Amino acid sequence: MALIMPACRPTSRPDAGCATIMSTATAPPSLLLPGAVRSESPPWFQELQAAAWAEFKSLPLPARTDETWRYSSLKALSLDGYSTASETSADVRDLVAERALRRRAGRMVFVNDRLTAIDDPDPSLKDRGVVFTSLEEALGTHGELLRKHFMSQPARLGSQKFAALHRALVRAGTFLYVPQGVELPQPFEVFHFVDGENASVFPHTLVIAEPLSKVALVDHFISLDASAPGFACGVNDLIVRDQAKLAYTSVQDWSQAFVSVQINSTLVGRDARAMNLALNFGGRYSRLESVSRLEAEGGRSDMLAVTVAGQDQEFDQRTHQDHLKPNTTSDLLYKNALFDDARTIFSGLIKVEPGAHRTDAYQKVRNLLLSENAEANSLPGLEILADDVRCTHGATSGQIEEEELFYLKSRGIPLPAAQRLIVRGFLNEVLDRLDNPELQEHLRSEVDRHLL
Amino acid sequence: MSAIVIRDLFVSIHKQEIIRGLNLGFKQGEVHAIMGPNGSGKSTLAKVMSGHPDYEVTGGDILLDGESILGLEPDERSRRGIFMAFQYPMEIPGVSNANFLRAALQARLPEGEELEATDFYRRLYEKMDLLEMRREFTARAVNEGFSGGEKKRNEILQLAMLEPRFAVLDETDSGLDIDALRIVAHGVNTLRGPNLGVLLITHYQRLLNYIIPDYVHVMSRGRIVRSGGKDLALELEARGYDWLRADEPQTVNA
Amino acid sequence: MSTSTPSLELDRDIGNFFYDVKSTRDAGTGLTEKTIDYIVDAKAEPDWIRDFRKQALRVFRDKPLPTSWAGDELSAIDFDAIRYYLASGGATKRTWEEVPDDIKRTFERLGIPESERKFLAGVEAQFDSEAVYSNIKKAVSDQGVIFVGSTEGLKNHPEIFRKWFGKVIPTGDNKFSALNSAVFSGGSFIYVPPGVKVKHPLQAYFRINAENFGQFERTLIIADEGAELMYMEGCTAPRFTTATLHSAVVELVALKGAKIQYVTVQNWSPNVFNLVTKRGLAMEEAEIKWIDCNIGSRLTMKYPGVVLKGRKARGEVISIALANDGQHQDTGAKMVHAADETTSNIVSKSISVGKGRATYRGLVHVPKHLKGCKNNTECDALLINSQSRTDTYPAITVRGTGNSTQHEASVSQISAEQIFYMQQRGLSEGQAMSLAVNGFVNDLVRQFPMEYSVELKRLIDLEMEGSVG
């Protein structure tokens, strides 16, 4: 039975009584505690976290009958047994070096939701007003901006409960602010590592790209132990103002035993360009909710994903392309390569709101099934409430064509290598849409790493 | 000197017999042309030599230096030096030409040995120049969005890069305009030499004006019905195929 | 080709008339076990049907309304205000002469007897709850083809009827299949013996005449091995201000190598809730094709399906929907692949006019360890006005490496340039619009029998009148 404990105030020391969030009589209690907020957080934030905790507890877990959770394996979502990740002495420098971009605007490294390293960005960036810092720090230095933008968008695709949990327990993440007119040629990169068994983390990313600015950011999510169970509940909010350009990439490489819920919101301003690319590799159950809201005329959002699903992994992808204003464009391409007993769910909706005329919206999901037991579920949706629009969606599921394989074999390439080459080619079509060749190459190697 | 010998070959696809007792032999260094009307089994011969899974060999054998290749997978045949230039080359989305060729060459190296990149590109550019192909072509996906002529040139490029002992060119001239045909033929002629045996499969004599064969064979109803020198092609051009159809098949050992 | 085939009554105004007919049998308003007893007694049905109906009533009460799909629209139905069984006269007649004059004139006005003479192998005419007329050409019945109403089917042919009744669509499939199972009356029972190919279509015509009424016909069609048949249904009702309910269940069984084509052209008046469950079972190498045209009604929820149970079975749904002001066409298709090398094809085209809303819902399921299964789905939506709405919600599950599915959907509108071009050639804007809409559905209209396709085009013209400006 769930216990609602009024004594669990955010500033109070967590005690055993507060520990139960959604345990049942038979299951072990969850060890997640509403105590992540430190007393040094501003009062508004403490209040927000307290309210979020109450909201989290009051909301039910997703049920099979919820349309937003259709086909999902809900049993993965029991949060029993996880505790907030504790401090660790793990050394991640080699791992960072191995996966780092050659050139970057700045870098932060978090281990178990604690900032362990920050590259001081180029001082000239600071002079131009660029802020690249941890959420914790920003609460002190940029409280007003955070207060305005921190999780200003509700979770629209079913994960209200997890959004509340994130809000209540977040303690680490990225705050990136790019002032008007500042263009940064190199991406920022952020690493989130997790260490330990049954640890939970709540990584946060907030990017504000002011008008006419240009910025890119790569988030890495990595488990130090490739088989340790754990839970991640992350949020990334991307705010792209008029005529700004933002390219966001997440590389999700949690352990094979991880449960992950990631909630994205992208707001696109007038004539702005947003690109959101998700590379999904890890996790036993990974849910990705991604919403693009085209809030002003001329905006464009590209939503891309590459998923390599193997073993008994399940990737649960829910997307929403929301066209609120005329002359907006969105283009979604999600590609899944499924091996072993893997399962994918893609449920996407293009919504063209009344009056959002001259909208161009495209949505394409392609599943490549590489084993007998792999299962792909596709729910591509359209809701069109304006007329002068160009909208298409397509969903295909199939396998490598024999003729294609034969062609490669006829050139002397052995079967496994030929398959790998075709799968890589299949996924690379997504990466081809990036306009930064260096990042493209970097991400190709990330994909290759998971195709071996 | 390697040789391929096809002995009393019978081949079916979907239970329908296409090749019915075909005999043919050819050596490295020779250029043989196989001509014949549509449906005579020419393309089937090419497919079965390269090991296409849809084709079933119901009798006979194909020997490479005295050893049967019928039990070999297509990739093993390729690595043993039998190359096929396809009539309809496949498009491989997302796989660049350069990566594709590297993978094919890498597969030919002993385990643990890495392909040397600078050397690879030097050779690649050299062969591309031969075929008048532009540099940006290396980054494009294999055959994707290629014109008919570009696809055929790409086949010859692969032939040049993989350096097989035998090449089967299946209707390489089809769909080519005269300029593309000249470029392709120039490529093949350049590669011609004591180390390469070529089997040209073609419906028309036209290609043979550019690539002069040492021997010409006529195929009809799944067999070789006539063999001769390059003049046979001219005779076919003048008289068509009909006069040969009723002929008794002959066994040829070149 | 005849210039007009009034039987189909696609013209809304011709269908919108009402002759007062006094029902001699009336189960009253509302639905209880007593209603069921009344129906069973009135129809003199066997006890197993009484039990079947009462069980279904319990299922109906337990099941919630599928509001997550069509939203609140369904809550406008007041199940207590509906009359569930209305009939007059005695047994179904075999000749039009025997049909009571007051009913006969309705069907004459709809042109049914005329079409029967022209091109049909058999006709059944249902007036409210019961078939008033049912006849099959002698040449067809001599081949052993059975074409009767459902009541007659269950009484006179129980050995075939009971074997398949409720097997393709179980009572509990959804709330409205349960409702139909509780109170069904009318509809057709057809059996085509092995190898018999019925050359001309069999037709049923469903007429709702009464107000505050629910029509619940139940159709079961069995095509035995190698048999072939085309069945056509047409439906109309007069325009009333209160909600009328039409909730049919149609089950098709195509045994090995059999072919069934089921053609529907509905032209309901805008007060009708049309909530229909249609599904076919296709055995080895059998083919089931639903050709469906949905025009009119306030809300239609209909997703014809095929369960592809035998190797190499084929299923197809061809569907046209036109949603005008105040209407919601919530239609689609289901394809459940349950054997190797089964193929399915769905082509859906919808047109939304004014504030009309057209929704496509699809389900394609290819489970584990099947080989060589293929589905192809195309949905195209055309929006006519700025307040028109269209939705597409497919769900596709594929497992394993031997199967492939492809879904494509597009939304478009008629370009102003197109209209201008046609206007420049002298067509009015409305004519240009009609022409363009007809062009949009043309490839599907051609799949309808010729007699229907002519009428369909004419109906589209009528619907498009006043859609511009």
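Here are some worked exercises on a predicted model of a complex with chains A, B and C.

**Exercise 1. Work out how far to trust chain C, and where to be careful.**

Start with the overall score: chain C averages a pLDDT of 87. Next, look at the spread, where 94% of its residues score at least 70. Then hunt for the weak spot. Over residues 1-10 of chain C, pLDDT stays under 50. The model still has 29 contacts beyond four places in sequence for that stretch, so read those with the low score in mind, since pLDDT is the predictor's confidence in each residue. For the complex, the predictor gives an ipTM of 0.83 and a pTM of 0.84.

**Exercise 2. Decide whether the radius of gyration of chain C agrees or disagrees with that of a compact globule.**

Step one is the expected value: with 469 residues, a compact globule would have a radius of gyration near 23 Å. Step two is the value for chain C, which is 21 Å, so the two agree. Step three adds the outline, as the C-alpha trace spans about 65 × 55 × 45 Å along its principal axes. Inside, 57% of the 469 residues count as buried. Now look at how the chain contacts itself: among contacts between residues at least 6 apart in sequence, 83% join residues at least 24 apart. As for secondary structure, chain C comes to 13 helices and 24 strands.

**Exercise 3. Which residues of helix α10 of chain C are buried, and what covers them?**

Take the helix, residues 175-183, and apply the cut-off: a residue is buried if 20 or more other C-beta atoms lie within 10 Å of its own. Going along α10(C), the buried residues are C:K175, C:F176, C:S177, C:A178, C:L179, C:N180, C:S181, C:A182 and C:V183. That makes nine of nine, so the helix is largely enclosed by the rest of the structure. Now for the cover. It includes two helices of chain C, α2 (33-43) and α3 (47-62). Strands β9 (218-223), β12 (249-254) and β14 (272-282) of chain C are also part of the cover.

**Exercise 4. Which chains touch, and which pair shares the most contacts?**

Two pairs of chains are in contact, and chains A and C share the most contacts. Chains B and C do not touch, as their nearest C-alpha atoms are 16 Å apart.

Take A with C. Here 32 residues of chain A are in contact with 30 residues of chain C. On the chain A side, the elements giving two or more residues are β20 (375-384) and β21 (389-398). By class, that side divides into 13 nonpolar, twelve polar and seven charged residues. Strands also pair across the two chains: seven bridges join β20(A) to β23 (residues 389-399) of chain C, and the two run antiparallel. To find the register, note that A:S378 stands opposite C:I396 in β23(C).

Now take A with B. This contact uses 20 residues from chain A and 21 from chain B. On the chain A side, α7 (402-409) and α8 (415-431) each supply at least two residues. The top contributor to that side is α8(A), with nine residues. Sorted by class, the side has nine nonpolar, four polar and seven charged residues.

**Exercise 5. Trace the four-stranded sheet of chain B.**

First, get the order: β2-β1-β4-β5, an open sheet with antiparallel pairing. Second, find the edges, which are β2 (16-27) and β5 (67-68), each pairing on one side only. Third, add the helix: α1 (residues 42-50) of chain B packs on the sheet and touches β1 (3-13), β2 and β4. The direction of α1 makes about 70° with that of β4(B). Last, zoom in on the β4-β5 pair, where β4 covers residues 55-64 and two bridges hold the antiparallel pairing. In that pair, B:L63 stands opposite B:S68.

**Exercise 6. Are B:D65 and C:S297 buried or partly exposed?**

Begin with B:D65, found in the loop between β4 and β5 of chain B. This residue has a positive phi of about 50° although it is not a glycine. With 14 C-beta neighbours inside 10 Å, B:D65 counts as partly exposed.

Then go to C:S297, in the loop between β15 (287-296) and β16 (299-302) of chain C. Here phi is positive too, about 80°, and again the residue is not a glycine. C:S297 has 26 other C-beta atoms within 10 Å, so it is buried.

Methods
Residues are numbered from 1 along each chain as its sequence is written. Chains are lettered from A and ligands numbered from 1 in the order in which they are written. This is a predicted model: local features need pLDDT of at least 70, side-chain atom pairs count only at pLDDT 80 or more; totals for chains, interfaces and linings use all residues. pLDDT is the predictor's confidence in each residue, from 0 to 100. Two residues are in contact if their C-beta atoms, placed from the backbone, lie within 7 Å. Ala, Val, Leu, Ile, Met, Phe, Trp, Tyr, Cys and Pro count as nonpolar, Asp, Glu, Lys and Arg as charged, and the others, Gly among them, as polar. Two strands pair if DSSP finds at least two bridges between them. Axes are lines fitted to C-alpha atoms, for helices over the stretch in contact, and angles run from 0 to 180 degrees between N-to-C directions. A residue is buried if 20 or more other C-beta atoms lie within 10 Å of its own, exposed if 12 or fewer, and partly exposed in between; C-beta atoms are placed from the backbone. The radius of gyration is taken over C-alpha atoms; the globule rule is 2.2 Å times the number of residues to the power 0.38.
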